[in-house]
Amino acid sequence: MGRKYRAYPTPGQDEVLTRWGHHARALWNLALEHRLMVGRKHDGRSWVWSAEQCVLLTEIRNDPDESINWIQDLPSTASQQVLRQLDQAYKNMASPSHPAGQPVFKRRGSATRLHFPGISVSVHKLNRHWAEVRVPKLGWLRFRLSREIGGTVRSCTLTRNGLGWHVSFSVHTGIRPAVPNKKPGCGVDFGITVSAWVSTEAAPRLMPPSLTVGEQLHLRELERRKGRQITFAKKYNGGKYSHRLRKTIRHIAALHARQARRRLDFTHKLTSDLAKNHGFVGIEDLRVLNMTKSAKGTVALPGKGVARKAGLNRSLRDHIPGERRRQLAYKAPMYGSQLRLVTPHGTSQTCPECRQRDPRNRVGCGRLFACVHCGHTDHADRTASIEIEARARRMGDTVIKGTRSPVRGARGRAHGTRLRAAPAAHVT
Ligand SMILES: [Zn+2]
């Protein structure tokens with residue numbers, strides 16, 4: 001299980017952690033460059049792995065060149081974790097069930113992240129609300145204990161976003177899957193205008209706006225200010241960012257981080273509620289990566305409605321369908337429920353009354369469903385959720401393993417096992 005807490009470093013610690021964040025990024029880029037270089041020599045296939053690079057790292061740390069003496073500053077455990085993560089990035093690239101492509105170099109603006117193995121940190125509880133974690137070479141770092149850790153810490157990650165530093169632990173809790181809760185199942189249709197419609201409910205679940213009206217106005221004003229300040233910097237300052245511009249950027253990042261946190265809060269409450277109160281949860285087996293592909297096209301064949309599709313993509317990602325599925329996949333066994341992935345084809349065109357599938361059922365593709373065969377009418381998302389439940393019910397007790405369905409495409413077709421669709425999922 002993952003546990004994430006807000007960390008409160010002292011100004012001195014903040015400075016050190018930020019510096020280490022850049023070091024970790026530089027090390028990643030250096031190690032990746034090394035692997036690419038060796039790969040190019042050996043027909044692009046033979047890679048250097050972290051075991052070999054860790055040995056090199058120790059050598060360099062003991063006797064660093066003038067230009068890379070920063071390498072001594074970053075704790076050795078954190079450095080080794082960077083190399084191991086690069087291993088994982090290569091493994092993900094090779095795995096047919098993972099959408100990752102070639103590992104890339106990290107830019108200055110990329111996420112600040114430091115990993116430590118569980119053995120190198122120790123956690124000490126101060127009182128009911130506060131605890132501290134001992135990070136190598138940094139000392140005790142205080143964090144707000146918003147919930148119990150409840151297990152053995154296996155690894156520790158420090159991250160920074162627009163709101164500040166966070167510490168997260170990967171915890172071994174020893175909790176076993178619960179016995180089936182024997183509650184009735186449901187189907188859920190995730191959408192954009194309607195966040196989620198549960199088949200057993202008469203009203204949809206709506207995500208509250210992630211920013212208040214005041215915050216939206218403030219964000220718009222900040223974006224304008226940022227534009228003005230960048231223009232000014234280019235015109236009079238040789239493109240150099242002023243302190244005021246950096247401050248504006250920080251404010252924008254804080255608002256975006258708050259927005260993301262609220263979205264995630266809604267998602268967690270929704271998925272917990274679904275898993276706790278239903279024997280099985282049926283959802284559509286959608287591929288988010290394919291769904292949110294840009295409509296840009298190519299230079300020779302430009303796409304249509306690019307801006308509109310970009311807007312749709314943004315609102316799709318707003319509703320983080322992949323994250324909902326990931327959460328359901330681990331929460332369902334915790335509460336004695338089951339996640340069932342059904343084929344998404346025609347769920348919103350199939351009539352729940354007469355079971356006939358017809359594209360004409362969706363007149364003009366509004367939010368209305370009107371069956372052309374039996375005259376049944378309802379909200380389109382509701383009919384879809386009922387159809388999803390019916391399909392999930394027909395799947396029976398097929399246990400779904402893994403949280404991702406394979407990515408369709410030419411890459412890696414010959415590799416390993418694939419997640420099979422359940423036998424009863426085809427519908428005419
Ligand atoms: Zn009908």
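## A tour starting from helix H3

Select helix H3 first and colour its buried residues: Ala78, Ser79, Gln80, Gln81, Val82, Leu83, Leu86 and Tyr90. You are looking at a predicted model, so please read every stop on this tour as a prediction.

Stay with H3 for a moment. This helix has 19 residues and reaches 28 Å from its first C-alpha to its last, close to the 27 Å expected at 1.5 Å a residue. What do the buried residues of H3 pack against? Show H1, helix H2 (50-62) and E2, and you have the partners.

Now select Val82 again, this time together with Ala24 and Val167. These three have the most contacts inside the largest nonpolar core, which has 29 residues. The elements giving two or more residues to this core are strand E1 (2-8), helix H1 (11-41), helix H3 (76-94), strand E2 (112-117), strand E4 (130-135), strand E5 (139-144), strand E6 (152-161) and strand E7 (164-172). H1 gives the most, with six residues.

Zoom in on Val167 next. Leaving aside residues up to four places away in sequence, Val167 touches Tyr5, Ala7, Val133, Leu141, Phe143, Cys156 and Leu158. A further core, of 24 residues, lies apart from this one; to find it, select Phe190, Val194, Val281 and Ile283, which are among its members.

Come back to the strands and show them as a cartoon. An open sheet of seven strands runs in the order E2-E6-E7-E1-E5-E4-E3, with antiparallel pairing. Why is one side of E2 and of strand E3 (122-125) left without a neighbour in the sheet? Both stand at the edges, each with a single partner strand, so there is no neighbouring strand on the other side. On average, neighbouring strands of this sheet are turned by 30 degrees against each other, direction ignored.

For a close-up, pick E4 and E5, which pair in the antiparallel sense over six bridges. Select Arg134 here, and you will find Trp140 in E5 standing opposite.

Now bring H1 back into view. This helix lies across E2, E5, E6 and E7, and runs at about 90 degrees to E2.

Finally, zoom out to the whole protein. How many helices and strands does the protein have? There are nine helices and 13 strands. Of the 428 residues, 23% count as buried. Among contacts with a separation of 6 or more, 64% are between residues 24 or more positions apart.

Conventions: Residues numbered from 1 in each chain as written. Predicted model: local features only at pLDDT ≥ 70, side-chain atom pairs only at ≥ 80, totals over all residues. Core = buried A, V, L, I, M, F, W, Y, C linked by C-beta atoms within 7 Å. Buried ≥ 20, exposed ≤ 12 C-beta atoms within 10 Å, placed from the backbone. Helix = DSSP H or I, 4+ residues; strand = E, 2+ residues; numbered from the N terminus. Contact = placed C-beta atoms within 7 Å. Expected span 1.5 Å × (residues − 1). Pairing = 2+ DSSP bridges. Axes fitted to C-alpha atoms, helices over the stretch in contact; angles between N-to-C directions.
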